[in-house]
Amino acid sequence: MTSIEKQITELRQLLDQYNYQYYVLDHPTVPDAEYDRLMNELIALENKHPELIRPDSPSQRIGGKPLEGFEKVEHHVPMMSLANAFSSQELRDFDRRVRQELALDTVDYVCELKIDGLAVSLRYQEGLFQQGATRGDGSIGEDISQNLRTIRSLPLSIDEANTIEVRGEAFMPKRSFIHLNKAREEQGLELFANPRNAAAGSLRQLDPKIAAERQLDIFLYAVGEWEAGTIETHSERLLYLSELGFKINREWEKCQGIDQVIQYVEKWVEKRNDLPYDIDGIVVKVDRLEYHEILKTTAKSPRWAIAYKFPAEEAVTKLIDVILSVGRTGVVTPTALLEPVQVAGTTVQRASLHNEDYIMEKDIRLNDTVVIKKAGDIIPEVVRVIPEQRNKTVERFKMPDHCPSCGTELVRLEGEVALRCMNPNCPAQLKEGLIHFASRNAMNIDGLGEKLIEQLYNHQLVHRVTDLYQLNREELLALERMGTKSVDNLLRAIEASKSNSLERLLFGLGIRFVGVTAAKTLATYFGEIEKIQQASYEELITVDEIGEKMANSIVRYFATDEVNLMIGKLKELGVNTSYLGPKPTAENINSLFQDKTIVLTGKLKQLTRNEAKEKIESLGGKVTGSVSKKTDLLIAGEDAGSKLTKAEQLGIEIWNEQQFIEEIE
Ligand SMILES: [Zn+2]
């Protein structure tokens with residue numbers, strides 16, 4: 001093993017270990033920054049030595065190209081669904097049937113939480129993750145491997161040489177769900193009704209980048225096909241899966257007899273809302289695997305397991321008022337204020353009304369008696385009204401014409417369901433913008449949360465992000481609840497944020513459609529904020545992963561004087577505006593292609609267009625589609641046409657394919 005190979009292997013092992021501790025054990029051992037640093041180091045090394053990249057390298061979770069569609073996958077062992085029980089009586093009936101068939105007095109069961117997600121199957125061959133599929137109709141599912149790979153708790157390699165197919169539930173944790181819907185609300189996009197829909201929607205994306213941003217998770221709980229199975233009970237199987245590095249849900253319990261099962265169920269009916277993810281019931285399985293053989297399966301479901309389903313969580317109450325809030329991008333969202341009511345163990349006083357269309361469609365009016373539901377156990381929503389109990393004189397609810405924060409007339413942009421305030425100086429939007437700027441994935445300013453921003457704003461200390469960098473100690477100390485220590489910590493955190501790499505600032509600016517991943521892509525590609533400020537639509541869309549909508553939005557954003565002044569001011573105040581991560585081209589910084597804009601035309605014989613493009617990019621050059629004054633070099637294959645003519649007219653350097661090959665070698 002060369003020293004580079006050794007270095008790469010060590011980095012991978014370390015990253016795998018940190019990843020396992022963080023995502024599988026929920027027990028992080030190093031700060032995120034350290035993980036990022038090691039990952040960047042690994043990526044830089046792999047970029048220099050692409051021949052050493054392995055499919056199970058932690059750098060390979062994202063990076064698959066968007067698909068045209070999903071391939072079909074046949075399940076060698078069918079993925080069955082379980083029969084349901086809705087009461088403890090039905091659980092007792094199930095137990096009686098099992099005991100009769102097995103001629104036993106009492107049976108051991110394993111109880112597990114029924115995660116509200118999407119059932120998937122993962123196939124490993126010779127220890128490597130090969131394929132992941134949806135359940136589909138049970139015998140044929142769809143290949144969603146690329147999206148599943150992006151789930152950080154899913155091991156890309158395991159210590160099991162035999163082919164094994166593991167089954168589990170991919171899901172969206174509540175935190176990711178809230179985060180996702182908040183972002184969608186800001187963008188005027190339709191919200192996901194619950195984490196399950198959001199998880200399913202994410203796994204059905206053709207572009208794995210989207211799934212990666214959605215922060216899904218996975219619990220494994222079963223084995224389908226397996227060449228070598230010497231395990232005798234389901235509980236041992238769970239332990240074995242855990243040993244292999246899979247994330248299993250740790251709330252499972254072995255129960256002796258049905259009474260213990262019912263106790264387990266009752267416990268979780270109480271506690272279900274305390275979990276950081278949604279569950280919709282309890283799965284009960286006979287523990288001994290040999291009994292599974294005896295009990296067999298019906299056409300639809302196994303006789304050795306049953307799913308207890310929780311009752312629906314709805315309640316009836318009165319809608320007292322509709323309150324409106326304005327988000328970072330000006331979207332106005334209505335929320336129902338309710339007479340307090342108990343739903344699934346918690347008191348609910350507010351429920352989502354989503355948007356104007358939703359209110360119209362359900363015909364929700366003030367003082368209506370409404371049915372609310374804890375959708376996905378997170379944000380309750382008004383699902384319907386009971387019109388029989390309505391006072392006939394109540395008029396339909398109308399969204400206001402003017403912004404509740406600044407009074408500007410609201411508009412509805414084409415193709416959107418949301419109403420927006422377009423005033424760039426709207427206080428509500430400015431506050432939300434500051435909250436976003438300081439947030440964890442953006443500038444990550446510790447201690448600068450919603451409440452403090454509200455306070456700073458109301459005391460006229462901070463209106464714009466530039467104001468943050470001009471705060472002084474005395475004015476902060478004059479604020480309520482701000483002691484010496486918290487002021488110093490805050491100032492230190494603000495100071496530290498100045499040296500963030502460009503992608504954090506870019507994301508923090510809150511340019512529409514520019515998420516964490518896109519910000520990173522832009523920062524790596526352009527390196528400096530000036531280059532992004534000056535980039536044309538054409539330049540932007542030549543960047544991988546930057547689509548038309550995003551390119552348009554970026555150009556529009558940087559077209560205003562206000563924005564450019566703000567960025568100049570940030571720079572003046574010492575905020576870094578360069579990308580500080582590793583350049584994929586570190587080795588070739590002085591290469592011929594560094595920072596050159598190159599156009600490929602005509603037929604290449606020794607390389608495909610894509611190979612040539614990748615080569616140029618790996619040497620620090622940029623490949624664009626059309627010849628302009630900004631083009632540095634044209635590489636012309638056979639039968640080159642108008643681009644060649646144009647390059648000749650503009651006096652641009654022209655190479656043939658052979659010259660290009662010689663140079664890159
Ligand atoms: Zn406004």
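Valine 563 touches Tyr557 and Phe558, once its neighbours within four places in sequence are set aside. The residue sits in helix H22, which covers residues 561-572. Is valine 563 buried or exposed? In this predicted model, its relative accessible area is 10%, and because buried means under 20%, valine 563 counts as buried. Isoleucine 652 is 89 residues away along the chain from valine 563, and the C-alpha atoms of the two are separated by 35 Å.

Aspartate 280 makes a good companion case. Strand E10 is where this residue is found. With a relative accessible area of 17%, aspartate 280 is buried. Beyond its neighbours within four places in sequence, its contacts are Lys114, Ile115 and Asp116, together with Tyr308, Lys309 and Phe310.

Here are the two residues side by side.

| Residue | Element | Relative accessible area | Contacts beyond four places in sequence |
|---|---|---|---|
| Valine 563 | helix H22 | 10% | Tyr557, Phe558 |
| Aspartate 280 | strand E10 | 17% | Lys114, Ile115, Asp116, Tyr308, Lys309, Phe310 |

Strand E10 also helps to introduce helix H8. This helix runs over residues 234-243, and its buried residues are His234, Ser235, Arg237, Leu238 and Leu241. Why do the buried residues of H8 line one face of the helix? Seen down the helix axis, they fall within an arc of 160 degrees, so one face holds them. What covers these buried residues? The cover includes strands E3 (108-115), E7 (164-171), E8 (217-226), E9 (253-256) and E10 (279-286), as well as helix H10 (289-295). Just after H8 comes glycine 245, whose phi is positive at about 105 degrees.

Two of the covering strands are also partners. E7 and E8 pair in the antiparallel sense, over 7 bridges. Opposite isoleucine 218 in E8 stands alanine 170. Strand E8 is itself mostly covered, with 8 of its 10 residues buried.

Now for the metal site. Which residues coordinate the zinc ion? The SG atoms of Cys403, Cys406, Cys421 and Cys426 do, at 2.2 to 2.3 Å. The angles among these 4 donor atoms are 100 to 115 degrees, and the site is tetrahedral. Read along the sequence, the donor residues follow the spacing C-x2-C-x14-C-x4-C. Cysteine 421 and cysteine 426 are both buried.

Further along the chain there is an open sheet of 4 strands. Its order is E20-E19-E21-E22, and the pairing is parallel. Which strands stand at the edges? They are E20 (622-624) and E22 (653-656); each has a single partner strand, so one side of each is left without a neighbour in the sheet. From one strand to the next, the twist averages 30 degrees.

At one edge of this sheet, E22 pairs with strand E21 (residues 633-636) in the parallel sense, over 4 bridges. Leucine 633 has glutamate 653 in E22 as its bridge partner. Helix H23, residues 609-618, lies across E20, E21 and strand E19 (597-601). How is H23 oriented against E19? The helix runs at about 170 degrees to that strand.

Conventions: Residues are numbered from 1 along each chain as its sequence is written. This is a predicted model: local features need pLDDT of at least 70, side-chain atom pairs count only at pLDDT 80 or more; totals for chains, interfaces and linings use all residues. Side-chain values use heavy atoms; hydrogens and water are left out. Two strands pair if DSSP finds at least two bridges between them. Axes are lines fitted to C-alpha atoms, for helices over the stretch in contact, and angles run from 0 to 180 degrees between N-to-C directions. Contact means heavy atoms within 4.5 Å. Buried means under 20% relative accessible area, exposed over 50%, partly exposed in between (1.4 Å probe, protein chains only). The arc is that of the directions from the helix axis to the C-beta atoms. Donors are N, O and S atoms within 2.8 Å of the metal (3.2 Å for Na, K and Ca); water is not among the atoms, so sites may look incomplete. Four donors count as tetrahedral if all angles lie between 85 and 135 degrees; four count as square planar and six as octahedral if opposite donors are over 155 degrees apart and all others between 65 and 115; anything else is irregular.
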